[in-house]
Amino acid sequence: MIKLENVYKSFGDLLVLKGINLEVAEGEVVCIIGPSGSGKSTMLRCMNQLETITSGKILIDGNLVSHIDEGKDLLNLPEKEASKLRTSLGMVFQRFNLFPHLTVLENLTIAPELVKGEKKENITGKAMSLLKSVGLLDKKDEFPSKLSGGQQQRVAIARALAMNPSIMLFDEPTSALDPELVGEVLEVMKKLAEEGMTMVVVTHEMGFAREVGTRVIFMDEGQIVEEGTPEEIFDAPKMERTNVFLNKIL
Ligand code: ADP
Ligand code: MG
C-alpha cells in the first residue's frame, strides 16, 4: 500500500530523512516510535505529499507518486492527479484542526463535497454512519468548540474516513489530549484496525503499539534504526539506541 524507496528529505541544510526504506502492506498497523525531532512527522507528511522529498521514490497503492533524483522531479505528476492520489490517504494530526465555523456533520461532508464533488444528500448518510461508529451521532449538529478534546479527535478521525481513504496516517493523535480522554480515541483507532484498515501511527502510546500494532518501527536521527513485531521491539530490542529510548519512556 505504501512504499518508500531511499527517501531523503532536507529543510535547507538540515537533513531530516536519511535514506528511508519502508513498505506497508494492506491491513498492517505500523506504529512508529522514536525521540522528538527524529523525523517521524516529516516521514508521514512526505507520504501524503504535504512535503516534497529531496530524493527517492514513493509509491501509494501501487502508484508512483514521487520520484525525485538529485533535486530533479522525474515524475512531474499533474496537480490534478497528485491531489486525486492524495485522497487515498487520510490523515489525523495531533491537533484536531476541525473547521470551527462548521457543525460536526458539516465537518465530515465538506471535503467530499468540495474535493470529490459529491452531492450533500448522498454523503450525509455515510457521514452519519461514521459519526455513529465513533459514538458521536448525537453531536452531529454541535460546533467543535462544544466538544471535549477526545470527542473532537474522534470527529477528526470520522472526517478523514469520510473521504474513503485506503490508508490512514495518524501523527500522535492523542498527545494533545488530557489523559482521561486518550482511551476513547485509542478505542476508535483499535476498532478501525480490527476492521482491516491499513494504518501508520506515530505514537507514544506503547500499550497501543503493543496491542494493536502489527509492526513497530523505531526511528532516530532520520533513519529507521530497527523494526519488528511489538514483542521483538519491546521485549528484545537488538539495537542499543532502541534500548536506550525504551528505557527512557517505559
Ligand atoms: P518528529 O516528528 O520525530 O518529532 P519532525 O519530523 O517533526 O520530527 O522533525 C524532524 C526535524 O526536522 C526537526 O529537527 C525539525 O525541527 C525539522 N523540521 C521539521 N519540519 C520543518 C520545516 N518545515 N522546516 C524546517 N525544519 C523542519
Ligand atoms: Mg512529530
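The legends below accompany close-up views of a predicted model.

**View 1. The annotated span of the predicted model.** According to the unreviewed UniProt entry, residues 2-246 carry the annotation "domain: ABC transporter". Within this predicted model, the span is 38% helix and 27% strand, and its end C-alpha atoms lie 27 Å apart.

**View 2. The antiparallel sheet of five strands.** This open sheet follows the order β2-β1-β4-β5-β6, and its pairing is antiparallel. Its edges are taken by β2 (14-24) and β6, and because each of these has a single partner strand, one side of each is left without a neighbour in the sheet. Inside the sheet, strand β1 (residues 2-11) is joined to β4 by five bridges, and along this pair Glu-5 stands opposite Lys-57 in β4. On the way from β4 to β5, five bridges again join two antiparallel strands, with Leu-59 standing opposite Leu-64 in β5. Strands of a sheet pair through backbone hydrogen bonds, in either a parallel or an antiparallel manner.

**View 3. The turns beside β5 and the edge strand β6.** The hairpin of β4 and β5 has two residues between its strands, and in this hairpin Asp-61 takes a positive phi near 55 degrees. The loop between β5 and β6 (72-73) holds Glu-70, whose phi is near 45 degrees, again a positive value in a residue other than glycine. Beyond this loop, two bridges join β5 to β6 in an antiparallel arrangement, and the bridge partner of Ile-68 in β6 is Asp-73.

**View 4. The mixed sheet of six strands.** Six strands are arranged in the order β7-β8-β9-β3-β10-β11, forming an open sheet with mixed pairing. Which strands stand at the edges of this sheet, each with a single partner strand? They are β7 and β11 (223-228), so one side of each is left without a neighbour in the sheet. Direction ignored, neighbouring strands of this sheet are turned against each other by 20 degrees on average. At the β7 end, four bridges join β7 to strand β8 (residues 167-171), and the two run parallel; in this pair Met-91 stands opposite Leu-169 in β8. Helix α5 packs on the sheet here, where it touches β7 and β8, and the direction of α5 makes about 170 degrees with that of β7.

**View 5. Helix α1 and the strands of both sheets.** Helix α1 (residues 40-47) lies across β3 (29-33), β7, β8, β9 (198-202) and β10 (215-220), and the helix runs at about 150 degrees to β8. The same helix, α1, also lies across β1, β2 and β4, where it runs at about 60 degrees to β2. The loop between α1 and β4 (55-60) contains Gln-49, and the phi of Gln-49 is near 65 degrees, a positive value in a residue other than glycine.

**View 6. The largest pocket.** Rolling a probe the size of a water molecule over the atoms shows where empty space is left. About 580 Å³ of space lies in the largest pocket, which is lined by 21 residues, with Leu-89, Met-91, Phe-93, Ala-111 and Met-163 lying nearest its centre. Which elements each supply at least two residues of this lining? They are α2 (79-86), β7 (89-92), α3 (104-116) and α5 (149-161). By class, the lining divides into 14 nonpolar, five polar and two charged residues. Met-91, one of the residues nearest the centre of this pocket, is also the residue that stands opposite Leu-169 in β8.

**View 7. The second largest pocket.** The second largest pocket encloses about 230 Å³ of space and is lined by 16 residues, of which Gln-49, Thr-52, Val-65, Ser-66 and Asp-73 lie nearest its centre. Both β5 (63-69) and α2 supply at least two residues of its lining, and the largest share, four residues, comes from β5. In terms of class, seven of the lining residues are nonpolar, five are polar and four are charged. Two of the residues nearest the centre recur from the earlier views: Gln-49 lies in the loop between α1 and β4, and Asp-73 is the bridge partner of Ile-68.

Technical notes:
Residues are numbered from 1 along each chain as its sequence is written. Chains are lettered from A and ligands numbered from 1 in the order in which they are written. This is a predicted model: local features need pLDDT of at least 70, side-chain atom pairs count only at pLDDT 80 or more; totals for chains, interfaces and linings use all residues. Side-chain values use heavy atoms; hydrogens and water are left out. UniProt positions are given in the numbering used here, feature names are shortened, and annotations may be inferred rather than shown by experiment. On a 1 Å grid over the protein atoms alone, a cavity is a set of points where a 1.4 Å probe fits but cannot get out, and a pocket is an open set with protein on both sides within 12 Å along at least five of seven lines; lining residues have an atom within 4 Å of a point. Grid points are joined across faces, edges and corners, and a volume is the space filled by probe spheres set on the points. Ala, Val, Leu, Ile, Met, Phe, Trp, Tyr, Cys and Pro count as nonpolar, Asp, Glu, Lys and Arg as charged, and the others, Gly among them, as polar. Two strands pair if DSSP finds at least two bridges between them. Axes are lines fitted to C-alpha atoms, for helices over the stretch in contact, and angles run from 0 to 180 degrees between N-to-C directions. Contact means heavy atoms within 4.5 Å.
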